[in-house]
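Student: Could you take me through a single part of this structure, slowly and closely? I would like to see how one piece sits among its neighbours.

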Amino acid sequence: MLKLLVCVSGCGTNLQAIIDSIADKKITNAGVAYVISNNYGVKSLERAENAGIPACVLSPKDYPDRAAFNKAFLEKVKEINPDLVVLAGFLVRIPEEFVKEYSNRIVNIHPSLIPSFCGVGYYGLKVHEKVLERGVKITGATVHFVNEGMDEGPIIDQKAVEVLEGDTPEVLQRRVMEQAEWVILPKAIDDIANERIRVVDGKVRRNI
Ligand code: GRF
């Protein structure tokens, strides 16, 4: 049974997709043990509470500097001792030390087809604004393992989504979530929990 820690910042629709997929047995052999939010009063915390999942807020704003926050974050993760950490819309840069220690045990969902529209400055609604600005016709989402680079870790899965005439960033964001993020993130967790994938030479391979 894979013990999950889900890190969130906001609304938590991806967290909800994970909770629902576990309830519906679309994800097997995994359970959400804990939720960490970096923001107070967000909907994600309500979702965790409704599902009976313990949660806490760890905000960089509550610490004198980033090093102190990183230390507290690492201590909390060690206490939870998860098998897999899921960054589900987590907007805080996670400590490098933690990335090294949890190599291939942290996954992130990004709302574009990496390597397009990713890296510094590409987060949340901004990604969809840039997609519309550039006029691409296809976008999507990517779930990947986290390494020291920004949005550079081994790609687990991707799903394409159409950009439609008249889309606003908000409308496009919602479509990408519904058609891609809420599908590929739970699926990736299920694949990991059931040992269907492995990382070879920095790439994700499917076990046959
Ligand atoms: C999602 O679009 C995710 O890909 C991005 O932030 C958003 C979080 O949404 N990294 P939610 O909190 O899961 O609703």
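Tutor: Happy to help; below we look closely at helix α1 and then at the parts around it. Keep in mind that this is a predicted model.

Let's begin with the helix itself. Helix α1 covers residues 13-23. Along this stretch, Thr 13, Asn 14, Leu 15, Ala 17, Ile 18, Ile 19 and Ser 21 are buried. What covers these buried residues? The cover includes the strands β1, β2, β4 and β5, together with the helices α2 (43-50) and α6. Just past the end of α1, look for Lys 25, which has a positive phi of about 60 degrees.

Now turn to one of those neighbours, α2. The axes of α1 and α2 come within 9 Å of each other, crossing at roughly 15 degrees. An angle under 35 degrees counts as roughly parallel, so that is how α1 and α2 are described. Their crossing is left-handed. On the α1 side, the residues in contact are Thr 13, Leu 15, Gln 16 and Ile 19, and they meet Ser 44, Arg 47 and Ala 48 of α2. Sorted by class, this contact has 3 nonpolar, 3 polar and 1 charged residues. You have already met Thr 13, Leu 15 and Ile 19 among the buried residues of α1.

Next, the strands. The ones that help cover α1 include β1, β2, β4 and β5, and you can find them in an open sheet of 7 strands with the order β3-β2-β1-β4-β5-β6-β7 and mixed pairing. At its edges are β3 (55-57) and β7 (155-162), each paired on one side only. On average, neighbouring strands here are turned by 20 degrees against each other, direction ignored. For a closer view, pick β4 (residues 84-87) and β5 (residues 106-110), which pair in the parallel sense over 3 bridges. There, Leu 87 stands opposite Asn 108 of β5.

Finally, follow α6, another helix that helps cover α1. Helix α6 spans residues 169-193, and its axis comes within 9 Å of the axis of α5 (residues 125-134), with a crossing of roughly 110 degrees. These two helices are therefore roughly perpendicular to each other. The crossing of α5 and α6 is right-handed, whereas α1 passes α2 in a left-handed one. Where α5 and α6 touch, Leu 125, His 128, Glu 129, Val 131 and Leu 132 of α5 meet Pro 169, Glu 170, Leu 172, Gln 173 and Val 176 of α6. The residues of this contact divide into 6 nonpolar, 2 polar and 2 charged.

Note on methods
Residues are numbered from 1 along each chain as its sequence is written. This is a predicted model: local features need pLDDT of at least 70, side-chain atom pairs count only at pLDDT 80 or more; totals for chains, interfaces and linings use all residues. Side-chain values use heavy atoms; hydrogens and water are left out. Two strands pair if DSSP finds at least two bridges between them. Helices (H or I, at least four residues) and strands (E, at least two) are DSSP runs, numbered from the N terminus. Axes are lines fitted to C-alpha atoms, for helices over the stretch in contact, and angles run from 0 to 180 degrees between N-to-C directions. Angles under 35 degrees count as roughly parallel, over 145 as roughly antiparallel, 65 to 115 as roughly perpendicular and the rest as oblique. A crossing is left-handed if the near helix is turned anticlockwise from the far one by less than a right angle, and right-handed if clockwise. Contact means heavy atoms within 4.5 Å. Ala, Val, Leu, Ile, Met, Phe, Trp, Tyr, Cys and Pro count as nonpolar, Asp, Glu, Lys and Arg as charged, and the others, Gly among them, as polar. Buried means under 20% relative accessible area, exposed over 50%, partly exposed in between (1.4 Å probe, protein chains only).
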